Amino acid sequence: MLSVHTSPLDQPGTGDAGGMNVYVTELARALARHGAQVEIFTRATSSAQPPVVEVAEGVTVRHVAAGPFEGLDKNDLPGQLCAFTAGVLRAEARHHVGWYDVVHTHYWLSGQVGWLAADRWDVPLVHTMHTLARVKNAALAPGDAPEPLGRIIGEEQVVAEADALVASTDAEGDDLVRDYAADPARVHVVPPGVDLDLFSPGVRDGAGPAERAERRRALRDELGLPTEGRLVLFAGRVQPLKAPDVLVRALGVLADHDEPVPTLVVLGGPSGRPTAVRELEALAYQLGVSDQVVVRPPVARALLVDYYRAADLVAVPSHNETFGLVAAEAQASGTPVVAAAVGGLTTVVVDGESGVLVPDHNPWTWARALADLLADDDRRAALAVGARRVSERFGWDAAARRMLDVYAQATKVRAAR
């Protein structure tokens, strides 16, 4: 596996680390449980990082020196792909011929490296885009910069060369065929998984509303969050694409109309602009809801589940999501999700069963959706049960089995080519 621009060992929720980091790590672990040996190559970002890290039995992360360790923006990485590729090829050269059976690349930068490596080793190239420039540019957040033409060209090249393309949803598969002229026969839909053991409701089956409410209060007390009133959680990078500002503005709408204003917990760090968190806090101050907005840095997944369980709702207002891992994890934890009706979120969140899909990014619409659901205890309780039920469709072992089938099919395509 190749993950050039972000290490699977990085903490998701800040910088360039997000759902893709979890995807790569958890898929690799699941593949190893099914008998595969997985080596993940990523760019070294610190001189303190060891060259090789054993993540789990059968899963190794290799840090490749390519460019300066720190201060290199993701948009500058194309200039370091040659150096990264050299590091990957040198690592393979230490083994006997035929050491790798498949190259699976993540994000277009890795696809460029994998294209050359797979060609040199004569093995299949399997690629997962995670995000698509053309799709992202079609749904830009206000003030967000469009993806450059160089990325679009790079994606087109990877699509043309890959023996198999992995999409997380049917919608993403359609995007690949429509916007990138992908061969439909090479597009495979493999939904990502959720760690259903870690992300669980944390209460016994059949627990009533009172017991669930008491559990939420206890968790909030442990986490140092307000124990009274309603609580909405946003977990993710603070950037225009993820749209946490929409939630802050929605709180402002509620305050202006003298309606109950829930506490909004923003669990994430800045991405893109170093000042992103300060800008969000300034917006809350301008709208008079500073006391209702709590911003904290991202946390490890073992603690993240407690935040999910402590919330009355988890909000995902993104302008685009290929899958929506936060929504899937929250639902597995038994918490209903209010999400924008975009991309993969329309697959992960079942409107009226596990959460609510919001048709736009208007703060007024979001204010109404949040207020109505927070005021209806019975509806939230029903959605909480449905959320866990829907989440059980997504498991990493099932994803690994399907991915191994994709690798086998890609091998046949490579042989035919």
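How far apart are the end C-alpha atoms of helix α14 (residues 377-391)? Let's start there and then wander through the rest of this predicted model.

**Helix α14**

The end C-alpha atoms of α14 are 21 Å apart. That agrees with what you'd expect, because 15 residues at 1.5 Å a residue should span 21 Å. Quite a few of this helix's residues are tucked away: Arg380, Leu383, Ala384, Gly386, Ala387, Arg388, Val390 and Ser391 are buried. What do these buried residues of α14 pack against? Their partners are two strands, β12 (313-316) and β14 (355-358), along with the helices α11 (325-332), α12 (345-348) and α13 (363-374).

**The nonpolar cores**

Next, the greasy inside. The largest nonpolar core has 68 residues, and Leu233, Val248, Leu264, Tyr307, Val337, Val338 and Trp366 are those with the most contacts inside it. There's also a second, separate core of 60 residues, with Leu2, Ala91, Ala117 and Val135 among its members.

Back to Trp366 for a moment. Leaving aside residues up to four places away in sequence, Trp366 touches Val246, Leu247 and Ala250, then Ala315, Val316 and Pro317. Its contacts also take in Val338, Ala339 and Ala340, plus Val358, Asp360 and His361.

**The second largest pocket**

Which residues lie nearest the centre of the second largest pocket? They are Gln37, Val38, Glu39, Tyr100 and Val102, out of 23 residues that line it. The space inside comes to about 480 Å³. By type, the lining splits into 16 nonpolar residues, four polar and three charged.

Several elements chip in at least two lining residues each: β2 (38-43), β4 (59-64), β5 (103-106), α3 (107-121) and α15 (396-416). Strand β2 gives the most, with three residues.

**Two loop residues with positive phi**

Finally, look at a pair of loop residues. Ala181 has a phi near 55 degrees, a positive value in a residue other than glycine. Asp258 also has a positive phi, near 55 degrees, and again isn't a glycine. Here is where each one sits and how open it is:

| Residue | Loop between | Relative accessible area |
|---|---|---|
| Ala181 | α6 (170-180) and β8 (187-189) | 68% |
| Asp258 | α8 (244-256) and β10 (263-267) | 73% |

Are these two buried or exposed? Ala181 counts as exposed because its relative accessible area, 68%, is over 50%. Asp258 is exposed as well, since its 73% is over 50% too.

Terms used: Residues numbered from 1 in each chain as written. Predicted model: local features only at pLDDT ≥ 70, side-chain atom pairs only at ≥ 80, totals over all residues. Heavy atoms only, no water. 1 Å grid on protein atoms, 1.4 Å probe; cavity = no way out; pocket = protein on both sides within 12 Å on 5 of 7 lines; lining within 4 Å. Points joined across faces, edges and corners; volume = space filled by probe spheres on them. Helix = DSSP H or I, 4+ residues; strand = E, 2+ residues; numbered from the N terminus. Nonpolar A, V, L, I, M, F, W, Y, C, P; charged D, E, K, R; others polar. Core = buried A, V, L, I, M, F, W, Y, C linked by side-chain atoms within 4.5 Å. Buried < 20%, exposed > 50% of the residue type's maximum accessible area, 1.4 Å probe, protein only. Contact = heavy atoms within 4.5 Å. Expected span 1.5 Å × (residues − 1).
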